[in-house]
Amino acid sequence: LFAIAMNDAVRGAISELIEGHFIFVYDADGREEETDFMVLARLATPEHVRTMRKEGGGLIFLMVHHDVCERFGLPFTTQLYASARNDYPVLQALDPNDIPYDAKSSFSLTLNHRKTFTGITDVDRALTIRRFGELAAETVDKPREALGLLGKEFRSPGHVAVCRSSASPLKYRFGHTELGTALAVMAGETAVVAGCEMMGDSGKSLSRKDAKAYAERNGFGFLDGREIVEAWRNWSE
């Protein structure tokens with residue numbers, strides 16, 4: 001793993017992920033300009049969810065690699081909207097064709113584990129996140145069984161949003177979903193990562209400076225997206 005060219009911050013972040021700790025990733029100036037909590041989904045606990053809910057304040061969601069979504073048959077939400085526009089013209093009216101920071105939304109379905117109650121509590125969301133990450137790993141060698149196993153354990157709609165990475169992560173799109181799944185792949189993990197955006201008290205996202213200070217104050221790794229892109233390109237060449 002560490003034979004590839006990567007800086008110490010990326011090496012450390014990968015180690016922290018594998019150990020079940022948070023890391024923090026800032027995407028880029030001129031993009032969302034947001035910092036996200038990240039933790040491997042299979043290692044997510046109610047404590048992780050509570051921390052993201054209280055200290056992050058954004059959407060708690062799953063960053064899922066394209067290949068995992070293909071295995072489970074999880075579409076982009078925009079694909080569902082496109083197929084239903086004739087029956088529901090409102091979906092045409094709401095076409096997300098003016099996203100200011102990107103060309104396409106990464107959202108897929110929303111999920112709850114079938115053993116959850118409302119699905120929104122820390123315990124419920126941790127179960128949904130953890131089992132999805134575990135099931136993604138369990139079905140790597142069982143692609144034909146994946147859809148049935150997903151349906152056996154999960155229902156939709158739910159309280160955990162799935163974001164689907166582009167087919168070639170960090171080639172055309174450089175969002176947190178691509179950054180997070182690339183880190184997981186480089187860590188040798190099934191690429192499913194839980195995350196949450198860090199919000200500030202100004203009514204906007206927390207600044208990069210303040211997010212980095214939070215990470216350092218609490219002993220967590222902090223990365224800029226460009227560091228992950230550079231490591232990914234070295235890893236994938």
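**Nonpolar cores and helix packing**

In this predicted model, the largest nonpolar core comprises 36 residues, and those with the most contacts inside it are Leu 62, Phe 72, Ile 129 and Phe 132. Helix α6, which spans residues 122-138, gives the most to this core, contributing five residues. Apart from this core lies another, made up of 27 residues, among them Met 6, Met 38, Ala 161 and Val 229. In soluble globular proteins, nonpolar side chains tend to be buried together.

The surroundings of Leu 62 were examined with neighbours within four places in sequence left aside. On this basis, Leu 62 is in contact with Ala 41, with Ile 129 and Phe 132, with Val 160, Ala 161, Val 162 and Cys 163, and with Val 192, Val 193 and Ala 194. Ile 129 and Phe 132 are thus partners of Leu 62 and, like Leu 62, are listed with the most contacts inside the largest core. Ala 161, another contact of Leu 62, is a member of the 27-residue core.

Two packed helices are described by the angle between their axes and the distance between the axes. For α6 and helix α7 (residues 146-153), the axes come within 11 Å and cross at roughly 165 degrees. Because this angle is over 145 degrees, α6 is roughly antiparallel to α7. The crossing of this pair is right-handed. On the α6 side the contact is made by Arg 131, Phe 132 and Leu 135, and on the α7 side by Leu 149, Leu 150 and Glu 153. By class, four of the residues in this contact are nonpolar, none is polar and two are charged.

A second helix pair is formed by α8 (residues 176-186) and α10 (residues 225-236), whose axes come within 10 Å and cross at roughly 45 degrees. The two helices are therefore oblique to each other, and α8 passes α10 in a left-handed crossing. Leu 179, Ala 182, Leu 183, Val 185 and Met 186 of α8 meet Gly 225, Ile 228, Val 229, Ala 231, Trp 232 and Trp 235 of α10. This contact has 10 nonpolar residues, one polar residue and no charged residues. Val 229, which takes part on the α10 side, is also among the residues of the 27-residue core.

Glu 47 was considered separately. This residue is found in helix α2, which covers residues 46-56. With a relative accessibility of 45%, Glu 47 counts as partly exposed. Glu 47 and Phe 222 lie 175 residues apart along the chain, and their C-alpha atoms are separated by 20 Å.

Technical notes
Residues are numbered from 1 along each chain as its sequence is written. This is a predicted model: local features need pLDDT of at least 70, side-chain atom pairs count only at pLDDT 80 or more; totals for chains, interfaces and linings use all residues. Side-chain values use heavy atoms; hydrogens and water are left out. Axes are lines fitted to C-alpha atoms, for helices over the stretch in contact, and angles run from 0 to 180 degrees between N-to-C directions. Helices (H or I, at least four residues) and strands (E, at least two) are DSSP runs, numbered from the N terminus. Angles under 35 degrees count as roughly parallel, over 145 as roughly antiparallel, 65 to 115 as roughly perpendicular and the rest as oblique. A crossing is left-handed if the near helix is turned anticlockwise from the far one by less than a right angle, and right-handed if clockwise. Contact means heavy atoms within 4.5 Å. Ala, Val, Leu, Ile, Met, Phe, Trp, Tyr, Cys and Pro count as nonpolar, Asp, Glu, Lys and Arg as charged, and the others, Gly among them, as polar. A nonpolar core is a set of buried Ala, Val, Leu, Ile, Met, Phe, Trp, Tyr and Cys residues joined through side-chain atoms within 4.5 Å. Buried means under 20% relative accessible area, exposed over 50%, partly exposed in between (1.4 Å probe, protein chains only).
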